[in-house]
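Please open the model in your viewer, with residue selection and distance labels ready, and follow the stops below in order.

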Amino acid sequence: MNPNNSLILVVDDETKIRRLISTNLAFEGFDVVQAEDGKRALEVFNHSLNKPDLILLDLMMPEMDGMAMLKQLRRYSDVPVIILAAKDERPTIIEGFREGADDFISKPFYIQELLERIRAVLRRSQRVKSVQKPAQEVLVSGNLSLNLSQRDCMVGDEHVKLTDREFRLLFELMKHPGEVLTHERLLRAVWGDEYIGEVQYLRVTFARIRRKLEQAGLTRDVIGAYSSVGYLLLEE
């Protein structure tokens, strides 16, 4: 993916940090827009003709903090989000993953590490967009179904809004009903090789999927977990 085609929204209430990140991003060929808090960031995102390809999001901000912004954003957009957070904010970071964040980096950080994480997330996002979807293929387990061509999840007649990563994880399980898929296999398929070992990513994402399916009326747990091994689709 050519970074010159990528627009990054940098959201942080500290002007020096915004300028530091933005200057380095621009030097690397990215287009950049800035916002000083969550409220302004949503305004920028919603009113931009060219939507950002990725958002760098600080957590602790006035007006509207990063978590509140992320929750609102995920109601209508799956744009990749990388959280910028202090090390002592780890419990909030986990909440961020539950709300749909794609990655995080701890402050203070090396700018080169931040750049590589941005590129990795953008590469994954670009691969998803370029995948050819099979025509009208539908995977079914009881009253749970995934329509691959429409990227749609249904519980009976109830639509379930899943993020791209949630959909892909559930898709991996439904392709292999009853088979235990290892943590490594799932992480490699959905996040990429560089995230092997990040088992917590799986835990929080599957927890989100379970909650959404339950809210849509699914009365049985379809996701089984084998401690220290992996996950499987539980068949009826």
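Begin by selecting aspartate 12 and lysine 107, both of which are buried, a term that stands for under 20% relative accessible area, with exposed meaning over 50% and partly exposed in between, for a 1.4 Å probe and protein chains only. The model is a predicted one, in which local features need pLDDT of at least 70 and side-chain atom pairs count only at pLDDT 80 or more, while totals for chains, interfaces and linings use all residues. Residues are numbered from 1 along each chain as its sequence is written, and side-chain values use heavy atoms, with hydrogens and water left out.

Now label the distance within this first pair: aspartate 12 forms a salt bridge with lysine 107, their closest N and O atoms being 2.9 Å apart, where a salt bridge is a side-chain nitrogen of Lys or Arg within 4 Å of a carboxyl oxygen of Asp or Glu. Aspartate 12 sits in the loop between β1 (7-11) and α1 (15-27), whereas lysine 107 belongs to strand β5 (residues 103-107), so that the pair links distant parts of the chain, 95 residues apart. Helices (H or I, at least four residues) and strands (E, at least two) are DSSP runs, numbered from the N terminus.

Keep lysine 107 selected and add aspartate 58, which forms a salt bridge with lysine 107 at 3.0 Å between the closest N and O atoms. Because aspartate 58 lies in strand β3 (residues 54-58) and lysine 107 in strand β5, this pair ties together parts that are 49 residues apart in sequence. Aspartate 58 and lysine 107 are both buried, and Asp12, Asp58 and Lys107 are linked in a network of salt bridges.

Move next to helix α2 (residues 38-47), where glutamate 43 and arginine 40 lie 3 residues apart, about one turn of the helix. Their side chains meet in a salt bridge of 3.4 Å, N to O. Glutamate 43 is partly exposed, with a relative accessible area of 32%, and arginine 40 is also partly exposed, at 37%. By the rule for salt bridges, the count comes to 17.

For the last stop, show helix α7 (residues 183-190) and helix α8 (residues 199-215), whose axes come within 10 Å and cross at roughly 80 degrees. Axes are lines fitted to C-alpha atoms, for helices over the stretch in contact, and angles run from 0 to 180 degrees between N-to-C directions. The two helices α7 and α8 are therefore roughly perpendicular to each other, the word used for 65 to 115 degrees. Select His183, Leu186 and Leu187 of α7 together with Val199, Tyr201, Leu202 and Phe206 of α8 to see the residues that make the contact, meaning heavy atoms within 4.5 Å.

How values were computed:
Angles under 35 degrees count as roughly parallel, over 145 as roughly antiparallel, 65 to 115 as roughly perpendicular and the rest as oblique.
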